[in-house]
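Please open the structure in your viewer and keep a selection panel at hand, since this tour goes from one selection to the next.

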Amino acid sequence: MQLTVAQGIQRIPGPNGERFAVLFERGTLSVELYAPRGVDRQQPHSRDELYVVVAGHGTFVRGGERFQFGPGDCLFAAAKEIHRFEAFSDDLVVWVMFYGPEGGELP
């Protein structure tokens with residue numbers, strides 16, 4: 001199995017304007033490519049989430065913390081945790097991996 005950024009980019013935006021594409025699912029793992037533009041409108045998710053930045057830079061907000069990020073960085077958001085990308089470049093592309101049970105692996 002090989003997943004490529006090109007495969008995901010070809011599917012973004014989705015038919016309803018979605019800025020992500022699901023490329024692989026197995027068990028509790030879901031691998032997506034996410035490429036927000038302008039404003040990141042995502043809401044907290046029900047499972048733990050890991051991002052790997054492919055391109056772009058900006059600020060990742062998680063709870064009350066802010067992190068500067070760039071290509072190659074790995075970012076984590078626990079299930080139900082408020083998080084978003086802010087002040088990000090127009091070329092932002094990230095791999096997103098959702099995993100584990102609903103509510104996250106740890107309480």
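**From a strand pair to a buried aspartate**

Begin by selecting strand β4, residues 58-62, together with β5: the two strands pair in the antiparallel sense, and 5 bridges join them. Bear in mind throughout that this is a predicted model. Within this pair, pick Thr59 and look across to β5, where Gln68 stands opposite.

Now add β7 to the selection, which gives an open sheet of 3 strands in the order β5-β4-β7 with antiparallel pairing. Each of the strands β5 (65-69) and β7 (83-86) has a single partner strand and stands at an edge, so one side of each is left without a neighbour in the sheet. If you compare the strand axes, neighbouring strands of this sheet are turned against each other by 25 degrees on average, with direction ignored.

Next, clear the selection and move to Asp48, which lies in strand β3 (residues 48-55). Which side chain of opposite charge is nearest to Asp48, and how far away is it? That side chain is Arg47, at 9.0 Å, and Asp48, although buried, has no salt bridge.

Show the polar atoms of the Asp48 side chain and turn to the backbone around them: the backbone nitrogen of Ala79 lies 2.9 Å from one such atom, and the backbone nitrogen of Glu105 lies 3.0 Å from a polar atom of this side chain.

Finally, display the wider surroundings of Asp48, leaving aside its neighbours within four places in sequence: the residues in contact with Asp48 are Phe76, Ala77, Ala78, Ala79, Met97, Phe98, Tyr99, Gly104 and Glu105.

Definitions and conventions: Residues are numbered from 1 along each chain as its sequence is written. This is a predicted model: local features need pLDDT of at least 70, side-chain atom pairs count only at pLDDT 80 or more; totals for chains, interfaces and linings use all residues. Side-chain values use heavy atoms; hydrogens and water are left out. Helices (H or I, at least four residues) and strands (E, at least two) are DSSP runs, numbered from the N terminus. Buried means under 20% relative accessible area, exposed over 50%, partly exposed in between (1.4 Å probe, protein chains only). Lys and Arg count as positive and Asp and Glu as negative; His and the chain ends are not counted. A salt bridge is a side-chain nitrogen of Lys or Arg within 4 Å of a carboxyl oxygen of Asp or Glu. A polar contact is a pair of N or O atoms within 3.5 Å; within protein, one must be able to donate a hydrogen and the other to accept it, and residues adjacent in sequence count only if both atoms are side-chain atoms. Contact means heavy atoms within 4.5 Å. Two strands pair if DSSP finds at least two bridges between them. Axes are lines fitted to C-alpha atoms, for helices over the stretch in contact, and angles run from 0 to 180 degrees between N-to-C directions.
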